[in-house]
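These are my notes on the model, set out as numbered points. Please read them with the structure open.

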Amino acid sequence: DCASGIFDCTGVCDGTAVEDCAGECGGSAVVDECGECDGDGSSCSEHFNVEIGETGESTLFIFQDTITGLESGDEIGIFDANGILATVDADQIPEYGEVLVGAGFWDGSQLEISAVVSIDLSDFNGPVLNGAVDGNTVFYKVWKADEDAVYMAEAEYSVGGGTFGELFLSISLLSPIFSVEQ
C-alpha cells in the first residue's frame, strides 16, 4: 500500500526516480539549449535555418578544431549555388538555385554537420527531393555573431575535394571573406 498514492517511474511509493526527456526512467538525457532532447546544442540557429527536409542522403562535413578566425557563437552555413529548391513530383521540372543544406554553431571544438543531398526518384515515378546536387561545388557563408554580419568563406580541405556527394569532407581551414554579404 502507498498512503500518498504517488509512485515514481520505477513503481516505488513516494520514490524519486523520474523519466528523462527521452522517456527513460532514471535516464540522464536532458533538453539542450535548442530544445532538443539529449541534443548537443548544435541544432539551433539564430541566422542559418535549414528549411528543407531530410532525404536520406547526405554529405558529412567535419570542421576541425584547428579552424581560426571564428569565434564561439558564430554560425556556419553550407550551401549549393545550384541545388534543387523544392521537392517536385516525377512529372514536374525542378527549380534550381541557391539552397542552404546544412548549418551549425561554432564553439571552437570539432563540429560535424550533415548536409541534405537531393535524390531523384523520377525514374521510378517518384519525386525529385530538394537539396544539394551530387557533384556540385560546396560554398560556405559564416555569420559573425559579434558583428551580426554574414560573410562568404573559403575552405581548405584535409579530406575531400569540396563537392557534394562525397562520403565526407574534413575542413581544416575556413576563412571568412570580410566584405559584407547583403
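1. Are Asp74 and Lys144 buried or exposed? Both are buried. The model is a predicted one, and this applies to everything below. Asp74 and Lys144 form a salt bridge in which the closest N and O atoms are 2.9 Å apart. Asp74 sits in the loop between β1 and β2, while Lys144 belongs to strand β7, so the bridge ties together parts that are 70 residues apart in sequence.

2. The count of salt bridges is two. Besides the Asp74 pair, Lys141 forms a salt bridge with Glu98, again with the closest N and O atoms 2.9 Å apart. Lys141 is in strand β7 and Glu98 in strand β3, so this pair links parts that are 43 residues apart in sequence. The two partners of this bridge can be described separately: Lys141 is buried, at 7% relative accessibility, and Glu98 is partly exposed, at 45%. As general background, side chains of opposite charge can pair when their charged atoms come close.

3. The largest nonpolar core has 23 residues. Those with the most contacts inside this core are Phe61, Phe63, Ile78, Tyr140 and Leu174. Two or more residues each come from β1 (58–63), β2 (75–84), β3 (96–105), β4 (111–116), β7 (138–144) and β9 (168–176). Which element gives the most to this core? It is β4, with four residues. In soluble globular proteins, nonpolar side chains tend to be buried together.

4. Phe61 is worth selecting in the viewer. Leaving out residues up to four places away in sequence, Phe61 touches Ile78, Leu111, Glu112, Ile113, Ala115, Val138, Tyr140, Phe164, Leu169 and Ile171. A second core, separate from the largest one, has six residues, among them Phe79, Leu100, Trp143 and Val150.

5. Phe63 lies in strand β1. Why does Phe63 count as buried? Its relative accessibility is 0%, and the cut-off for buried is under 20%. Apart from neighbours within four places in sequence, Phe63 contacts Ile76, Ile78, Trp106, Ser109, Gln110, Leu111, Ile113, Tyr140, Ile171 and Leu174. Phe63 and Leu111 are 48 residues apart along the chain, yet their C-alpha atoms are separated by 5.0 Å.

6. Strand β1 has pairing partners of both senses. With β4 the pairing is antiparallel and covers six bridges; Ser58 has Val116 as its bridge partner in β4. With β9 the strands run parallel and are joined by four bridges. In β9, the bridge partner of Ile62 is Ser170.

7. Strand β2 pairs with β3 and with β7. The pairing with β3 is antiparallel over eight bridges, and Gly77 has Ala103 as its bridge partner there. The pairing with β7 is also antiparallel, over six bridges. In β7, Tyr140 is the bridge partner of Ile78; Ile78 and Tyr140 are also listed among the residues with the most contacts inside the largest core. Why is β2 described as largely enclosed by the rest of the structure? Eight of its ten residues are buried, so that description follows.

8. On the surface, Val159, Leu167 and Phe168 make a nonpolar patch of about 280 Å². Leu167 is located in the loop between β8 (149–159) and β9. Leu167 is exposed because its relative accessible area is 73%, against a cut-off of over 50%.

9. Cys9 belongs to the segment before β1. Cys9 is partly exposed, with a relative accessibility of 33%. What is Cys9 in contact with, beyond its neighbours within four places in sequence? The contacts are Ala17, Val18, Glu19, Cys25 and Gly26. For a sense of distance, the C-alpha atoms of Cys9 and Ala132 are 45 Å apart, and the two residues are 123 places apart in sequence.

Key: Residues numbered from 1 in each chain as written. Predicted model: local features only at pLDDT ≥ 70, side-chain atom pairs only at ≥ 80, totals over all residues. Heavy atoms only, no water. Core = buried A, V, L, I, M, F, W, Y, C linked by side-chain atoms within 4.5 Å. Buried < 20%, exposed > 50% of the residue type's maximum accessible area, 1.4 Å probe, protein only. Contact = heavy atoms within 4.5 Å. Patch = residues over 30% accessible without salt bridge, like charges linked within 9 Å, V, L, I, M, F, W, Y side chains within 5 Å. Areas by Shrake-Rupley, 256 points an atom, 1.4 Å probe, with all protein chains shown as cover. Salt bridge = Lys/Arg side-chain N within 4 Å of Asp/Glu carboxyl O. Pairing = 2+ DSSP bridges.
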